[in-house]
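Student: I would like to learn how the words used for a protein structure are justified. Could we go through one together?

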Amino acid sequence: MSPIISVQSLDKTYEGGFQALKSVSLDIQEGEVFALLGPNGAGKTTLISTICGLVIPTGGSITIGGFDTQKDYRAARKLVGLVPQEMPTAPFEKVIDTVSFTRGLFGLKKKPELIEEILKDLSLWDKRNNPIMTLSGGMKRRVLVAKALAHEPKVLFLDEPTAGVDVELRRDMWRLVGELKRRGVTIILTTHYIEEAEEMADRVGVINRGEIILVDEKAALMQKLGRKELTIELVEPLGVLPEGLDGQAITLSDDRRHITYSYDAQAERTGVTKLVTALSQSGVRFHDLNTRQSSLEDIFVDLVKAKS
Ligand SMILES: Nc1ncnc2c1ncn2[C@@H]1O[C@H](COP(=O)(O)OP(=O)(O)OP(=O)(O)O)[C@@H](O)[C@H]1O
């Protein structure tokens, strides 16, 4: 199946000479939820703004649904909804008008029943006649989502959808993404919150200093790069680690009551039996063992650190 978005060797150098994207190539499959992760200034917004046609690339090409975003801008743009980080100013406009207006921008006929459904889904229906400026920050976010959905896009971009929002809105966003995915909408989101990617994404891409350094299925990524950590709770504080156990992967906590051991859970020999046997033989008594799978966050931090 051909990808719904295909980015080929994309470069962007801003005026002044800063190179924000360096030969980025990326395919997005129809119906997937793709999370783009990266530290501040990595190029996430530049990449999605370029795909959406708001920033002109200095090299490379992009197609959306087979349409080239430069040669066939209108056709490509029509397929895309973008939820930006900030609200463009239309402070006096009513919620329902600003959302309905978006359809007109794309040359589409009015569809009041769709606008009603979107506003209800986003808990904005009661506020439909309120001017934008009277809404809370979280509600303005909801309006941005409603605007992006009004022309029934096949691909939805969410730029930091939950930065600075409360727990309720974050949950609502996650629920909405799930619902849109069920309806077949392709979703690309940028986020700093790794747990968000962990919760929602099918695939994860990591961008750092304008380069895509990794793209993988979320589950595969966590399995491949994920390590496990074993924590052993000791009955009594331990002075020093028994001889032969003072390797890098084994550490004694500052309060000397816990030993942690980091290991590759996929390896044939994890070293767990050896460690536990060695502790017993040395007369170290323990009353509990815990293991923890490293999270996407640990993986991400390691990756970005390694490339810095
Ligand atoms: N209009 C511009 N002119 C010059 N440099 C720019 C412009 N827009 C962005 N940049 C630079 O390009 C780099 C990438 O910025 P971008 O906003 O794409 O990063 P980001 O990954 O979205 O960051 P954040 O997580 O902080 O939103 C940054 O160093 C930024 O300063």
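Student: What separates the centres of domain 1 and domain 2, taken over C-alpha atoms?

Tutor: Please keep in mind that this is a predicted model. The centres of domain 1 and domain 2, taken over C-alpha atoms, are separated by 45 Å. Domain 1 covers residues 5–223, and domain 2 covers residues 227–293.

Student: How do you know that β6 and β7 pair, and in which sense do they run?

Tutor: Two strands count as paired if there are at least two bridges between them. β6 and β7 are joined by 4 bridges and run parallel, so by that cut-off they pair. One of the partnerships sets leucine 82 against phenylalanine 157 in β7.

Student: What makes β4 and β5 a pair, and how many bridges join them?

Tutor: Strand β4, residues 59–64, is joined to β5 by 2 bridges, and the two run antiparallel. The cut-off is at least two bridges, therefore β4 and β5 count as paired. Here threonine 63 has aspartate 68 in β5 as its bridge partner.

Student: Why are β6 and β10 called edge strands?

Tutor: The open sheet of 6 strands has the order β6-β7-β8-β3-β9-β10, with mixed pairing. Within this sheet β6 (80–83) and β10 (211–217) each pair on one side only, and they are its edge strands. From one strand to the next, the twist averages 15°. At the β10 end, β9 (residues 203–208) and β10 pair in the antiparallel sense over 6 bridges, and arginine 203 stands opposite glutamate 217 in β10.

Student: Which way do the residues of β6 point, and are they buried or exposed?

Tutor: Val80 and Leu82 point one way from β6, whereas Gly81 and Val83 point the other way, and all are buried. To be called buried, a residue needs 20 or more other C-beta atoms within 10 Å of its own, so each of these residues satisfies that condition.

Student: Which residues surround the ligand, and what classes does the shell hold?

Tutor: Among the residues around the ligand are Tyr14, Phe18, Asn40, Lys44 and Thr45. By class, the shell has 4 nonpolar, 7 polar and 1 charged residues. Gly counts as polar and Lys as charged, so Gly38 belongs with the polar residues and Lys44 with the charged class. The largest share of the shell, 3 residues, comes from α1.

Student: Where does α1 lie?

Tutor: Helix α1 (residues 44–51) lies across β3, β7, β8 and β9, running at about 150° to β8.

Note on methods:
Residues are numbered from 1 along each chain as its sequence is written. This is a predicted model: local features need pLDDT of at least 70, side-chain atom pairs count only at pLDDT 80 or more; totals for chains, interfaces and linings use all residues. Axes are lines fitted to C-alpha atoms, for helices over the stretch in contact, and angles run from 0 to 180 degrees between N-to-C directions. Two residues are in contact if their C-beta atoms, placed from the backbone, lie within 7 Å. A residue is near a molecule or strand if its C-beta atom, placed from the backbone, lies within 6 Å of it. Domain bounds come from an automatic or database domain assignment. A residue is buried if 20 or more other C-beta atoms lie within 10 Å of its own, exposed if 12 or fewer, and partly exposed in between; C-beta atoms are placed from the backbone.
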